[in-house]
Amino acid sequence: MKIFIDTADLEEIKTACCWGIVDGATTNPSLIKRAVDKRGGKITLEDYIPEIIKVVPGPVSLEVIGVKEKEMVKQAEFLYNKFSSYGKVAIKIPINTCIEKGGDEYEGLRTVKQLADAGIPVNCTLCFSPTQALLAAKAGAAYISPFAGRLDDYVRVNLGMKSGVDFGRDDYYDSDLMKQILMREVNLKEKGTIAQLYVDSAKGSAAAHDSGVYGGVELVKKIVTIYKNYGYKTEVLAASIRNARQVMDVAEAGSHVATIPFNVLNEMIRHPKTVEGIKSFTADIVPAYTELFSKM
Ligand code: G3P
């Protein structure tokens, strides 16, 4: 699985690239804001973005800020033409930019299609359902970004859990456990009970799953399967990753890429038994062993 770093912070990007594990980077307006704020607003993005692209070995995703097809195409071409001379660039286009009822919900998809036809690699973003991912692949997206962590938030909140009270932003969400909770045992003799259990479970599971998925990792799994079934070239780029267990899950699911924030990369390298092991190996170094290295 390829690892992209999900940040616009140049120091974080440089540090992680030195570890030899970074294959690309993803940014979005919120991540750019964070990087700009960190430097007290004193960033000229025209100079800053090339610095990122030059350090990262693979594609750096840059997002448009418009919501209409024409402006998104223009902005995408601008970003691509301006920055692709420094390295690899992909352009992030939201799958559906419509926020008003009755508005045009296909601005994003048409933009993906136009850019793909022009040979500009598109990272289709803000994906929360397998059907959105199917449409993005058909329109020619190079990457689809399912937002695993935000879908987990959404499902938990739909079930009545309170963010910041019942779960923290970075807490792992076990959708398999949730399924088990929803699928209680049925006593086959009691027809009325079966019917009631079905009704109750259906209500529960409708609250728990959105578009047929119980959580972010399951969303990634389903998209991977659908793309495999039909041989789509679009790569699954698991996004909105909040913890190391999600990374493990999306890797197991066969995601082509996971874009991971710096704090989660730090979490991935740690284990208390590794610390314990290093301590005991260090304590066991006999002088003869130290002596060996003095000959270096
Ligand atoms: O990769 C998308 C990401 O930056 C959003 O992450 O944690 O804000 O949902 P998050």
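Picture two helices crossing, one in front of the other: the crossing is left-handed if the near helix is turned anticlockwise from the far one by less than a right angle, and right-handed if clockwise. Keep that in mind for H4 and H5 in this predicted model, whose crossing is right-handed. The residues that H4 brings to this contact are Glu69, Met72, Val73, Ala76 and Glu77. Facing them from H5 are Glu107, Gly108, Arg110, Thr111, Gln114 and Leu115. Sorted by character, the contact between H4 and H5 has 4 nonpolar, 3 polar and 4 charged residues.

How do the axes of these two helices lie? Helix H4 covers residues 69-83 and helix H5 covers residues 107-117; their axes come within 9 Å and cross at roughly 40 degrees. An angle under 35 degrees would count as roughly parallel, so H4 and H5 are oblique to each other.

Now swing over to another helix pair, H1 (residues 10-18) and H3 (residues 45-55). Here the axes come within 10 Å and cross at roughly 10 degrees, and H1 and H3 are therefore roughly parallel to each other. On the H1 side you'll find Leu10, Ile13, Lys14 and Cys17, which meet Tyr48, Glu51, Ile52 and Val55 of H3. That contact of H1 with H3 splits into 6 nonpolar and 2 charged residues, with no polar ones.On to the strands. What do they build? There are 8 of them in a closed barrel, running E1-E2-E3-E4-E5-E6-E7-E8 with parallel pairing. Ignoring direction, neighbouring strands of this sheet are turned by 30 degrees against each other on average. As a reminder, strands of a sheet pair through backbone hydrogen bonds, either parallel or antiparallel. For a look at one pair, take strand E1 (residues 2-6) and strand E2 (residues 24-26), which pair in the parallel sense over 3 bridges. If you want a spot to zoom in on, go to Phe4, whose bridge partner in E2 is Gly24.

Last stop: the cysteines. How many disulfides does the model have? The count comes to 0, with a disulfide taken as a pair of cysteine sulfur atoms within 2.5 Å. Start with Cys98: the closest cysteine sulfur to its own is in Cys124, 15 Å away, and that is too far for a bond. Cys124 in turn has its closest cysteine sulfur in Cys127, at 7.1 Å, and this is also too far for a bond.

How values were computed:
Residues numbered from 1 in each chain as written. Predicted model: local features only at pLDDT ≥ 70, side-chain atom pairs only at ≥ 80, totals over all residues. Heavy atoms only, no water. Axes fitted to C-alpha atoms, helices over the stretch in contact; angles between N-to-C directions. Helix = DSSP H or I, 4+ residues; strand = E, 2+ residues; numbered from the N terminus. Parallel < 35°, antiparallel > 145°, perpendicular 65-115°, else oblique. Contact = heavy atoms within 4.5 Å. Nonpolar A, V, L, I, M, F, W, Y, C, P; charged D, E, K, R; others polar. Pairing = 2+ DSSP bridges.
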